[in-house]
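I am opening a fresh page for the spaces inside this protein and for what surrounds them. My plan is to go from one space to the next, and then to look at the core and the chain as a whole.

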Amino acid sequence: MTPTRMSEIESSVRAVMDFNDAFNRHDVQGMMQLTSDDTVFENTDPSPDGTRYAGKDAVTKFWQDFFRDAPNAHIDIEEIFGFGNRCVMRWTYTWGDGHGRGVDVFKLKDGLIAEKLSYVKG
């Protein structure tokens, strides 16, 4: 793998890890600084297909509402890896008295998260 290619992978993984760190601080502004203006987020709820949010304004509002309703939300990364402009993160999500496990598939554009597709077990 060429150094440029590895740098793109490392950059993608770092952006996703920084996004997750901001998530765990409930720092919506910090999260959104890491996303593109045309970012897309597909939530896991409702099952089976979730809800799609498109554009920075819609995604920002989702996260603001989410943290208001889930004040104990926290994600622990189980595994993360990248390839090109894609990154996959396996996680455990806790909300106080429960937890769930799942996977996020990210697409990055110009170093910013352009797509976050979330999938959950069960």
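**Entry 1: the second largest cavity.** I began with the second largest cavity, and when I sorted its lining by class I found 5 nonpolar, 1 polar and 2 charged residues. I note here that the model is a predicted one. The residues around the second largest cavity are F19, N20, F23, I75, M89, D104, F106 and K116, and they enclose about 30 Å³ of space. I then asked which element gives the largest share of this lining. I found that α1 does, with 3 residues, while α1 (3-25) and β5 are the elements that each supply at least two.

**Entry 2: the largest cavity.** My search of the whole structure turned up 2 cavities of 30 Å³ or more, and the largest of them holds about 40 Å³ of space. I listed its lining as F19, T35, T39, V40, F41, V59, W63, I113 and K116. Two or more of these lining residues come from each of β1 (35-42), α3 and β6, and β1 has the largest share, with 4 residues. By class I wrote down 6 nonpolar, 2 polar and 1 charged residues for this lining. I also marked F19 and K116, since both names stand in the lining of the largest cavity and again in that of the second largest cavity.

**Entry 3: the largest pocket.** Next I turned to the pockets, and I found about 340 Å³ of space in the largest one. Its lining has 18 residues, and those nearest the centre of the pocket are N43, T44, F66, W91 and Y93. When I looked up where the lining comes from, I found that α3 (56-69), β4 (86-94), β5 (99-109) and β6 (112-120) each supply at least two residues. Sorted by class, the lining of the largest pocket has 10 nonpolar, 5 polar and 3 charged residues.

**Entry 4: the second largest pocket.** The second largest pocket has a volume of about 180 Å³, and its lining includes the stretch S47, P48, D49 and G50 as well as S118, Y119 and V120. N43 and T44 belong to this lining too, and I had already met both of them near the centre of the largest pocket. I counted 3 nonpolar, 6 polar and 2 charged residues here, and I saw that β6 gives the largest share, 3 residues.

**Entry 5: the core.** In soluble globular proteins, nonpolar side chains tend to be buried together. With that in mind I looked up the largest nonpolar core, which has 25 residues, and found that F23 and W63 have the most contacts inside it. The elements that give this core two or more residues are α1, α2 (28-32), α3, β4 and β5, and the largest share, 6 residues, comes from α1. Leaving out residues up to four places away in sequence, I found F23 touching M31, W63, F66, F67, A73, H74, I75 and Y93.

**Entry 6: the whole chain.** Last, I counted 3 helices and 6 strands, which follow the pattern α-α-β-β-α-β-β-β-β along the sequence. Why does a radius of gyration of 14 Å agree with a compact globule? It agrees because a compact globule of 122 residues would have a value near 14 Å. I also noted that buried residues make up 40% of the 122 residues in the chain.

Technical notes: Residues numbered from 1 in each chain as written. Predicted model: local features only at pLDDT ≥ 70, side-chain atom pairs only at ≥ 80, totals over all residues. Heavy atoms only, no water. 1 Å grid on protein atoms, 1.4 Å probe; cavity = no way out; pocket = protein on both sides within 12 Å on 5 of 7 lines; lining within 4 Å. Points joined across faces, edges and corners; volume = space filled by probe spheres on them. Nonpolar A, V, L, I, M, F, W, Y, C, P; charged D, E, K, R; others polar. Core = buried A, V, L, I, M, F, W, Y, C linked by side-chain atoms within 4.5 Å. Buried < 20%, exposed > 50% of the residue type's maximum accessible area, 1.4 Å probe, protein only. Contact = heavy atoms within 4.5 Å. Rg over C-alpha atoms; globule rule 2.2 N^0.38 Å.
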